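Visitor: Can you walk me through this one? I have the sequence and the model open.
Guide: Yes, go ahead and ask.

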Amino acid sequence: MAQERIRIISEWGDVTAELADNAASRALALMLPLTIGMRDHLRQEKTGDLPSSLPQAARQRDFEVGTLGLWGSDDFVIYYRKGQVPAPGIVILGKVTGDVSIFNRPGYVSVRLERVK
């Protein structure tokens with residue numbers, strides 16, 4: 001089965017991403033389309049609240065540039081820098097295939113997540 005792809009649309013530009021193959025990512029795909037208000041956190045990520053919790057999946061502490069993650073059960077994260085988070089870590093939701101550096105700026109941004117047709 002092909003990887004589910006989504007588009008992340010913002011006033012700063014658009015990127016595409018491939019979702020991971022886990023229960024949390026599948027639940028996220030069922031919520032789409034979805035608009036999320038995101039704020040900058042630690043100058044490494046944009047983070048915003050989902051309308052409802054996603055199922056738990058395996059967590060990890062390391063992340064790469066472009067990682068889409070789930071912190072807690074309903075906090076969607078786009079990482080624009082490489083790094084590590086404290087335990088218990090993040091659920092990997094996917095990976096941006098475009099230029100995630102568009103999010104590497106301070107401040108709030110509204111993003112729309114849509115399935116790629």
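Guide: A term to begin with: two strands pair if DSSP finds at least two bridges between them. Keep in mind that this is a predicted model.

Visitor: OK. How many bridges join S2 to strand S10?
Guide: There are 3 bridges, and the two strands run antiparallel. S10 covers residues 90-96. One bridge partner there is Val-96, which goes with Ala-17.

Visitor: And in what sense do S1 and S2 pair?
Guide: Antiparallel, over 6 bridges. S1 is residues 5-10 and S2 is residues 13-19.

Visitor: Which residue in S2 is the bridge partner of Ile-8?
Guide: Val-15.

Visitor: What joins S1 to S2?
Guide: A hairpin, through 2 residues.

Visitor: Different topic. Where is Ala-27 found?
Guide: In helix H1, residues 23-31.

Visitor: What is Ala-27 in contact with, leaving aside its neighbours within four places in sequence?
Guide: Leu-54 and Pro-55. Leu-54 is 27 residues from Ala-27 in sequence, yet their C-alpha atoms are 6.2 Å apart in space.

Visitor: Now pockets. What volume does the second largest pocket have?
Guide: About 150 Å³. It is lined by 13 residues, and the closest to its centre are His-41, Leu-42, Glu-45, Trp-71 and Val-85.

Visitor: Which strand gives the most to the lining of that second largest pocket?
Guide: S8, with 3 residues. Strands S3 (34-41), S4 (45-49) and S8 (75-79) each supply at least two.

Visitor: What is the lining of the second largest pocket like by class?
Guide: It has 6 nonpolar, 4 polar and 3 charged residues.

Definitions and conventions: Residues numbered from 1 in each chain as written. Predicted model: local features only at pLDDT ≥ 70, side-chain atom pairs only at ≥ 80, totals over all residues. Heavy atoms only, no water. Helix = DSSP H or I, 4+ residues; strand = E, 2+ residues; numbered from the N terminus. Contact = heavy atoms within 4.5 Å. 1 Å grid on protein atoms, 1.4 Å probe; cavity = no way out; pocket = protein on both sides within 12 Å on 5 of 7 lines; lining within 4 Å. Points joined across faces, edges and corners; volume = space filled by probe spheres on them. Nonpolar A, V, L, I, M, F, W, Y, C, P; charged D, E, K, R; others polar.
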